[in-house]
Amino acid sequence: MDGLFSIQRQLQRATQKESDSTRRVASFLAGTTPPAASADAADDPASPALLSELHRLAALTYNPGENAAAFARLGDALSRPAEHAPRHVERALVLCRHLVVYGCKKSVDNARKYLRQLEALSGYNTALGR
């Protein structure tokens, strides 16, 4: 009986971790993390709090389910930039780059799926929305 409860607890933890990573990616893209004393510190790419959060997200990509969830959330922002705030799209690009550089090998494969969207963003004008 204890073995059954142990398995149930492990499944609950795995489910919670998955929802935690999805929540982390969403909050990062929205700009609500990392908590900073000022808005300028949160926007600074060299901010220790920002780098720490990016590294946490990169570490989550070593779990295949987490990696797919992270790139699904990124894909939404990258494929429809006109529907998101420019800051949201910028943070998606920062996160995508960080996951490719510091995440697992599967992150590179997942980023390649969005290559067309990334190329389209090179000419994107936030003032015109296209």
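Student: What share of the contacts in the protein with a separation of 6 or more comes from residues 24 or more positions apart?
Tutor: Keep in mind that we're looking at a predicted model. Take the contacts with a separation of 6 or more, and pick out those between residues 24 or more positions apart. Their share is 70%.

Student: Okay, and how many helices and strands are there?
Tutor: Read along the sequence, the pattern goes α-α-α-α-α-α-α. That fits the count for the protein, which is seven helices and zero strands.

Student: How much of the protein counts as buried?
Tutor: Let's start with the outside: the accessible surface comes to about 8,100 Å², and 55% of that belongs to carbon and sulfur atoms. Now for the inside: the protein has 130 residues, and the part of them that counts as buried is 32%.

Student: Which residues touch the most other members of the largest nonpolar core?
Tutor: As a general idea, nonpolar side chains in soluble globular proteins tend to be buried together. Here the largest nonpolar core has 21 residues, and its members that touch the most others are Phe28, Leu29, Phe71, Leu74, Leu95 and Leu99.

Student: And which helices each supply at least two residues of this core?
Tutor: We've just met the core of 21 residues. The helices that each supply at least two of its residues are H1 (2-30), H3, H4 (64-79) and H5 (86-102).

Student: Which residues does Leu74 touch, not counting those up to four places away in sequence?
Tutor: Leu74 is one of the buried residues of H4. Leave out residues up to four places away in sequence, and Leu74 touches Leu29, Ala92, Leu95, Cys96 and Leu99.

Student: How far apart are the end C-alpha atoms of H3?
Tutor: Helix H3 covers residues 48-60, so that's 13 residues. At 1.5 Å a residue they should span 18 Å, and the model agrees with this. The end C-alpha atoms are apart by 18 Å.

Student: Within what arc do the buried residues of H3 fall?
Tutor: The buried residues of H3 are Leu50, Glu53, Leu54, Leu57, Ala58 and Leu60. Seen down the axis of the helix, they line one face, because they fall within an arc of 155°.

Student: Is Thr61 buried or exposed?
Tutor: Thr61 sits in the loop between H3 and H4. Buried means under 20% relative accessible area. Thr61 has a relative accessibility of 1%, so it counts as buried.

Student: Which backbone atoms does the side chain of Thr61 reach?
Tutor: Setting aside neighbours within four places in sequence, Thr61 is in contact with Asn67, Leu99, Gly103, Cys104 and Ser107. One of those turns up again here: at 3.2 Å, the Thr61 side chain reaches the backbone nitrogen of Cys104. At 2.6 Å, the side chain also reaches another atom, the backbone oxygen of Ala58.

Student: Which residue caps the N-terminal end of H4?
Tutor: Look for a side-chain oxygen 3.1 Å from the backbone nitrogen of Gly65. The residue that provides this oxygen, and so caps the N-terminal end of H4 by the polar-contact cut-off of 3.5 Å, is Asn63.

Student: What span should the 16 residues of H4 have?
Tutor: Use 1.5 Å a residue for H4. The end C-alpha atoms are 22 Å apart, which agrees with the expected span of 22 Å.

Student: Which residues is Arg73 in contact with, leaving aside its neighbours within four places in sequence?
Tutor: Arg73 lies in helix H4, and at 34% relative accessibility it counts as partly exposed. The C-alpha atoms of Arg73 and Ala26 are separated by 7.1 Å, though the two residues are 47 residues apart along the chain. Ala26 is also on the list of contacts of Arg73, which reads Thr22, Val25, Ala26 and Leu29.

Student: How far apart in space are Val94 and Leu54, C-alpha to C-alpha?
Tutor: Val94 has its place in helix H5 and is partly exposed, with a relative accessible area of 36%. Leu54 is one of the buried residues of H3. In sequence the two are 40 residues apart, while C-alpha to C-alpha they are apart by 8.9 Å.

Student: Last one: what separates the C-alpha atoms of Tyr124 and Ala82?
Tutor: Tyr124 is in the segment after H7, and at 22% relative accessibility it counts as partly exposed. Asn125 is found in that segment after helix H7 (115-121) too, and lies 9.5 Å from Ala82, C-alpha to C-alpha. For Tyr124 and Ala82, which are 42 residues apart along the chain, the separation is 9.2 Å.

Conventions. Residues numbered from 1 in each chain as written. Predicted model: local features only at pLDDT ≥ 70, side-chain atom pairs only at ≥ 80, totals over all residues. Heavy atoms only, no water. Helix = DSSP H or I, 4+ residues; strand = E, 2+ residues; numbered from the N terminus. Expected span 1.5 Å × (residues − 1). Buried < 20%, exposed > 50% of the residue type's maximum accessible area, 1.4 Å probe, protein only. Arc of directions from axis to C-beta. Core = buried A, V, L, I, M, F, W, Y, C linked by side-chain atoms within 4.5 Å. Contact = heavy atoms within 4.5 Å. Areas by Shrake-Rupley, 256 points an atom, 1.4 Å probe, with all protein chains shown as cover. Polar contact = N/O pair within 3.5 Å; in protein donor to acceptor, adjacent residues only side chain to side chain.
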